[in-house]
Amino acid sequence: MKIRYAGFDYQGLNNLGDQIQSIATERFLPEINMRLNRDTLASAHCNPNHLLIMNGWFSHQPEHCLPISNSILPVFWGFHISDWNDSWRHFLSEEILAFFKKHEPIGCRDSFTAEKLKAAGIEAFYSRCLTLTLPERTKKPEDGAIMIVDVPFLLPDFIEKNGLRMTHTVNPNNTPYHKRLQAKKLLYLYKRYANLVVTSRLHCALPCMAMGIPVIFFGNPLDYRVSIIGELGIKIYEIPKNNSGADAYKKALDGLFSRVDWKPERLDFQATKKNMIHDFSDFLHKQRSKMTIY
């Protein structure tokens, strides 16, 4: 019997970054035979067995996410454990550590997740994210624009007047198919038209870097969720807190804008990307060989 493959759905969520990660991940599979809700994997069962690449953010519902059925072979690459809720407490429990041990090595999207799992006795490594394997565009757009994606404040006039405001936030009740279509359209727009992307979205920044688009990123440099940005050599500009009054906030923004390089170079990432694709393809082949098919 042939191997069957599962992909993720993200039920009730409004961030197209999830779909962008799935689009990048599923390029490495011949087909997707069924979809499973990422945050309730513990209740999923596949017949016959399916392989599932665990690239992404975990989890909104950690107690309903892991461990998963033996009918699913999880391939851990680009795996990120969030500190947003109780994910670490649950995922470091004896039961889940035994699950990780069964399926190690665990390829992690950020070095913090890798190091914390290693400290718990799990074989883990820093794999980065599969959105970084998206192909580079062949040429710059002649009719391009600055794309401002989910930046929560007004930028200087010379950016805003030449920029196009965009968002990764959609109606959470849209169908999974519609969300994936919206995500594909966003990737096309970035690749075809973006001269520069200014964003606070990790999964806007990473695919754009992979495609050879210059990126300016606003975020929290101390947040390990976005640490991959800094590790790739892209500066993370810290967003000032808006809790000291309008005048103080404007002054903080003016200070921030004076430090921003508004004409960044694209990330020279192609050699590293080639190695990533080779390493993941090899990893996937080795993990696939462990699969029991029935």
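A residue counts as buried when its relative accessible area is under 20%, and as exposed when that area is over 50%. The model described here is predicted.

**Helix α3**

By this measure, Ile96, Leu97, Phe99, Phe100 and His103 are buried in helix α3, which spans residues 94–103. These buried residues lie on the same side of α3, because the arc they cover around the axis is only 155°. Glu94, Glu95 and Lys102, on the other side of α3, are exposed. What do the buried residues of α3 pack against? Their partners are β5, β6, α2, β7, α4 and α10, with the residue ranges given in the table.

| Element packed against the buried residues of α3 | Residues |
|---|---|
| Strand β5 | 72–75 |
| Strand β6 | 79–81 |
| Helix α2 | 87–91 |
| Strand β7 | 106–108 |
| Helix α4 | 111–119 |
| Helix α10 | 270–288 |

**The parallel sheet**

An open sheet is built from five strands with parallel pairing, in the order β10-β9-β11-β12-β13. Its edges are β10 (163–166) and β13 (236–238); each has a single partner strand, so one side of each is left without a neighbour in the sheet. On average, and with direction ignored, neighbouring strands of this sheet are turned by 25° against each other.

At the β10 edge, the partner is β9, residues 145–149, and the two strands pair in the parallel sense over four bridges. Which residue of β10 is the bridge partner of Ile146? That residue is Gly163.

Helix α7, residues 202–210, lies across three strands of the sheet: β9, β11 (194–199) and β12 (215–219). The helix α7 runs at about 155° to β12.

Definitions and conventions:
Residues are numbered from 1 along each chain as its sequence is written. This is a predicted model: local features need pLDDT of at least 70, side-chain atom pairs count only at pLDDT 80 or more; totals for chains, interfaces and linings use all residues. Side-chain values use heavy atoms; hydrogens and water are left out. Two strands pair if DSSP finds at least two bridges between them. Axes are lines fitted to C-alpha atoms, for helices over the stretch in contact, and angles run from 0 to 180 degrees between N-to-C directions. Contact means heavy atoms within 4.5 Å. Buried means under 20% relative accessible area, exposed over 50%, partly exposed in between (1.4 Å probe, protein chains only). The arc is that of the directions from the helix axis to the C-beta atoms.
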